[in-house]
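Visitor: I'd like a close look at one part of this structure, the place where the two chains meet. Could you walk me through it slowly?

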Amino acid sequence: MTATTPVRDPEIDDQDLTDETWKVVVWNDPVNLIDYVAYVLRKLFGYSEQKAMELTMRVHTTGRAIVRDGPREQAEMDCYRLHHHGLWATLER
Amino acid sequence: MTGPFRRRGDRIEIRLAEHEIQFLSQLPRLLETVGAVSGDPAADRLDVPAYLDDPEAEEEYRRWIRGELDEARAADRSAFVELVEAAQTGTSASEPEAEAFLRVLAEARLVLAARMGIEVEDDYEGLAEPDAAVLDYLGALQTLLIRELSA
């Protein structure tokens, strides 16, 4: 069983042909476990155990952390995957 | 096998006691109730916005992911139910299946916690029993499964 991959609406794609960088932010929440958040970051983005845990602890102690950045379409896909895992993720420029 | 999960090669073996199966098999039904009544805090928690200050972009994002997210969550729950039902005699999951199991545990904790009124850390810390025990149990399963997935 694998999760399906969303296919973007071409109308939406056409609106964003810029190379502007978007940041994917994960926010602290009181329920998701630290181990779980770190595992998700490792699995989704291929981060080392150390980098995933550093980012997770930054989320936990400061309230948020930028976990990825890139073109808007990629950032939205990352955000979708984080939402699928129940993480509190948002996008910003 | 000391815990409910154990990695064997590229698969994760799962074995659960009857009382655990009875409890866990109810979770997908619980998750299906999210958003069934208006004002359900669990619905807000599962569908957090991607764009905080741009309603138009948020609407587009929502339109884009809505069906996909529902489908992905339904597939996770379906994999979860199959594994839980087979876990009394012992079954084994592929990594993607075990990760679906992990996501359902996470989703269930978020839904239950939202309905228990947990919004900030202090709410969680001050949670009374047996609510705390339910979240702790599901969290313990997550931790044990992550350990085997990472082994």
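Visitor: How many residue pairs are in polar contact between chain A and chain B?

Guide: Keep in mind that this is a predicted model. Between chain A and chain B, 18 residue pairs are in polar contact, counting pairs with both residues at pLDDT 80 or more. On chain A, the side that touches chain B draws at least two residues from each of β1 (22-27), α2, α4 and β3 (89-92). The biggest giver there is α4(A), with seven residues. Sort the residues on that side of chain A by type and you get 19 nonpolar, twelve polar and seven charged.

Now for the overall numbers. Chain A brings 38 residues to the contact and chain B brings 42 residues. Together the two chains bury about 3500 Å², and 60% of that is on carbon and sulfur atoms. The rule also finds three salt bridges across the interface of chain A and chain B. A salt bridge you can look up joins Lys43(A) to Glu99(B), with the closest N and O atoms 3.3 Å apart.

Let's move on to α2(A), which covers residues 34-45. Its twelve residues should span 16 Å at 1.5 Å a residue, and the end C-alpha atoms sit 17 Å apart, which agrees. Nine of the twelve residues are buried, so the rest of the structure largely encloses this helix. The buried set consists of Tyr36(A), Val37(A), Ala38(A), Tyr39(A), Val40(A), Leu41(A), Arg42(A), Leu44(A) and Phe45(A). What covers them? From chain A the cover includes α3 (49-62), β2 (64-70) and α4 (72-84), and from chain B it includes α5 (95-115) and α7 (131-149). Just past the helix, Gly46(A) takes a positive phi of about 70°.

Cross over to chain B and pick out Leu149(B), which is found in helix α7 of that chain. With a relative accessible area of 7%, Leu149(B) is buried, since the cut-off is under 20%. Setting aside neighbours within four places in sequence, Leu149(B) is in contact with Tyr39(A) on the other chain. On chain B, the contacts of Leu149(B) are Arg7(B), Ile12(B), Glu95(B), Ala98(B), Glu99(B) and Leu102(B). So there's a nice link to make here: Glu99(B), on that contact list, is also the salt-bridge partner of Lys43(A). As for Ile12(B), 137 residues separate it from Leu149(B) in sequence, yet the two are 7.4 Å apart in space, C-alpha to C-alpha.

A look at chain B as a whole helps to place all this. Chain B has seven helices and three strands, and from the N terminus on they run β-β-α-α-α-α-β-α-α-α. The C-alpha trace spans about 50 × 35 × 25 Å along its principal axes. Of the 151 residues in chain B, 46% count as buried. Among the contacts in chain B with a separation of 6 or more, 68% come from residues 24 or more positions apart.

One last stop in chain B is Asp76(B), in helix α4 (residues 55-86). Asp76(B) counts as buried, at 1% relative accessibility. Its side chain makes a polar contact with the side chain of Arg103(B), at 2.8 Å.

Key
Residues are numbered from 1 along each chain as its sequence is written. Chains are lettered from A and ligands numbered from 1 in the order in which they are written. Side-chain values use heavy atoms; hydrogens and water are left out. Helices (H or I, at least four residues) and strands (E, at least two) are DSSP runs, numbered from the N terminus. The expected span of a helix is 1.5 Å times one less than its number of residues. Buried means under 20% relative accessible area, exposed over 50%, partly exposed in between (1.4 Å probe, protein chains only). Contact means heavy atoms within 4.5 Å. Buried area is the accessible area (1.4 Å probe) that two parts lose on being put together, summed over both. A salt bridge is a side-chain nitrogen of Lys or Arg within 4 Å of a carboxyl oxygen of Asp or Glu. A polar contact is a pair of N or O atoms within 3.5 Å; within protein, one must be able to donate a hydrogen and the other to accept it, and residues adjacent in sequence count only if both atoms are side-chain atoms. Ala, Val, Leu, Ile, Met, Phe, Trp, Tyr, Cys and Pro count as nonpolar, Asp, Glu, Lys and Arg as charged, and the others, Gly among them, as polar.
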